[in-house]
Amino acid sequence: MGNEPVVSPPRRATTAPDHLPGLLLGSVFVIATCGLIYELIAGTLASYLLGDSVTQFSTIIGAYLFSMGIGSWLSRYLDEPLLKWFIRLEILVGLIGGFSAPLLFVLFEYVTSFRLMLYALVGLTGVLVGLEIPLLMRILEDRFAFKELVSRVFTFDYIGALLASLIFPLVLVPQLGLIRTSLFFGALNVIVAGVALHRFRETRPYRRQFTGVIIMALLVLGVGFAYAERIMTYTETLAFQDQVIYSKSTPYQRIVLSKNNRELRLFLNGNLQFSSADEYRYHEALVHPAMQALPHARQVLVLGGGDGLAVRELLKYKQLQSIRLVDLDPGMTHLFQHNQMLLALNKGSLLNPKVQVINGDAYQWVRQDTTRYDCIVVDFPDPSNYSVGKLYAAAFYRELDKLLAPGGLIVVQSTSPYVARQSFWCVRHTLAAAGFHTIPYHCYVPSFGEWGYVLAGRNGHWRGDGALPTGLHYVTPATIHDMLYFPPDMAEVPTEVNQLNNQALVRYFEEDWGPYTH
């Protein structure tokens, strides 16, 4: 017994040169990057079109990972020849994942059950991506010991995922946009199929057949890439009533400008931000009730308001020495500093020597700033998701309190007290919980309906009859007086305080606006 030779278990014959396992491991890196990109595209696109980025990303990621699990389970039913299955799979992933973004943009305007189509496409892509890694591991199992195989495959898989998560927001979205990004990575999947087809000897019997399919797939994806802007313009033409004259995806949002014979409109992620026909009502009401009560104001901080329209109103007060504007998106402020139509609208306010434009996260900025401001104008988008909701939290308002000069005032745009009654009063209650005396008011803006604001200060000594600049189109002492009256259908209702750990305001906002948007 002890003298019997040790016999190693038989290994399957190697059907390819030794360098080809490295090629397949490189394929793991590429397909992992592509797979995560498709997931990020679906989440980003859903947040653009449906709002509430946290909910959309959470549900998309969950559905995608679940679908990948189904794909991994189904991989057991794929029999030899495995390379042939792998090539088929890469072509399918490339076409379905590659055309996911343009297809979803078009479907959003044509189908009533968009969410069903979204999750069906996410599920199909996830199943196909879930098949890839188990299939590759089976192809490589006769070339590596099991523990080495698992180590190498998942190392390349996770590195690819890291790369995708870094380049997607920093490079791909701002430089290529969602449609071109999906088509580009779809082409990478197809190229992986082509490389595998021509580098392995056992693919010779079906090489000619698949070569034609791969060439056609790359041509279709290439045509889509070349016409991506036209596809995007077409989908935005469906979404917006007026002619789209400018559209751009930044790392933070989708900016669209539309125009008709009467007005220019700005949309962020599909939500109307202003109409040039009546924006003066909104911005005069935002700025002048606070500023007319601060005749000695010298320094003002504007948070949000990257369009420069609030700054335009502030510059009507000649005593101001400096205005600092902090807006997250450089794409927004750059547009309103250089586009001639927009410069005519904001009177070149962001180019004024008194104005300092800073691109950064407002929450981080106010925690580091040490300047004392006589007036702080808070002009953020509505709190439709948690990333914006934090800027309406009590903790944020306490940070603003540290920056407020003695006798200074803060004004916060606070959504509609008619449509979003809970949301509006939640803003007031949150400011009060942060230690401010508050004065709620509202005005009618035709593009939006009734719109609300909250004035806040350390004391209640505010008067609405101070001097106003000449040339205003809407605000007068009389209109300021009228703004303070709330009829019964907009009267105060009890709400929770918006805290960072509960984001009650986002929940109220969804409840209030949900019937109007779904």
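**Exercise 1. Strand E9 and its partners**

Task: In this predicted model, find which residue in E11 is the bridge partner of Ile410, and then work out how E9 pairs with strands E8 and E11.

Solution:
- Start at Ile410: the bridge partner in E11 is Ala456.
- Widen the view to the two strands. E9 and strand E11 (residues 449–457) are joined by 5 bridges in the antiparallel sense.
- Now turn to strand E8 (residues 373–379), which pairs with E9 in the parallel sense, also over 5 bridges.
- For a landmark in that pairing, take Cys375, whose bridge partner in E9 is Leu409.
- Finally, check how covered the strand is: of the 10 residues in E9 (residues 404–413), 8 are buried, so this strand is mostly covered.

**Exercise 2. The open sheet E1 to E4**

Task: Say in what order the strands of the open sheet lie, and explain why one side of E1 and of E4 is left without a neighbour.

Solution:
- Lay out the strands: the sheet has 4, in the order E1-E2-E3-E4, with antiparallel pairing.
- Look at the edges. Strand E1 (243–249) and strand E4 (271–275) each have a single partner strand, so one side of each has no neighbour in the sheet.
- Add the twist: on average, neighbouring strands here are turned by 20° against each other, direction ignored.
- Move to the middle pair, where strand E2 (residues 254–259) and strand E3 (residues 264–268) run antiparallel and are joined by 5 bridges.
- To pin that pair down on your screen, use Lys259, whose bridge partner in E3 is Leu264.

**Exercise 3. The cores and Leu49**

Task: Find which helix gives the most to the largest nonpolar core, then decide whether Leu49 is buried, partly exposed or exposed.

Solution:
- Begin with the core itself. The largest one has 68 residues, and Ile87, Leu118, Ile139, Val153, Phe168 and Leu178 have the most contacts inside it.
- Helix H1 (residues 20–50) is the top contributor, giving 15 residues.
- Follow one of the well-connected residues: beyond its neighbours within four places in sequence, Leu118 contacts Ala46, Leu50, Ile60 and Leu104.
- A separate core of 52 residues lies apart from this one, and includes Ile323, Phe336, Met483 and Trp513.
- Return to helix H1, where Leu49 is found.
- Leu49 has 22% relative accessibility. Buried means under 20% and exposed over 50%, so Leu49 counts as partly exposed.
- Even so, Leu49 has company: setting aside residues up to four places away in sequence, Leu49 touches Leu104, Phe105, Phe108 and Phe114.

Notes:
Residues numbered from 1 in each chain as written. Predicted model: local features only at pLDDT ≥ 70, side-chain atom pairs only at ≥ 80, totals over all residues. Heavy atoms only, no water. Core = buried A, V, L, I, M, F, W, Y, C linked by side-chain atoms within 4.5 Å. Buried < 20%, exposed > 50% of the residue type's maximum accessible area, 1.4 Å probe, protein only. Contact = heavy atoms within 4.5 Å. Pairing = 2+ DSSP bridges. Axes fitted to C-alpha atoms, helices over the stretch in contact; angles between N-to-C directions.
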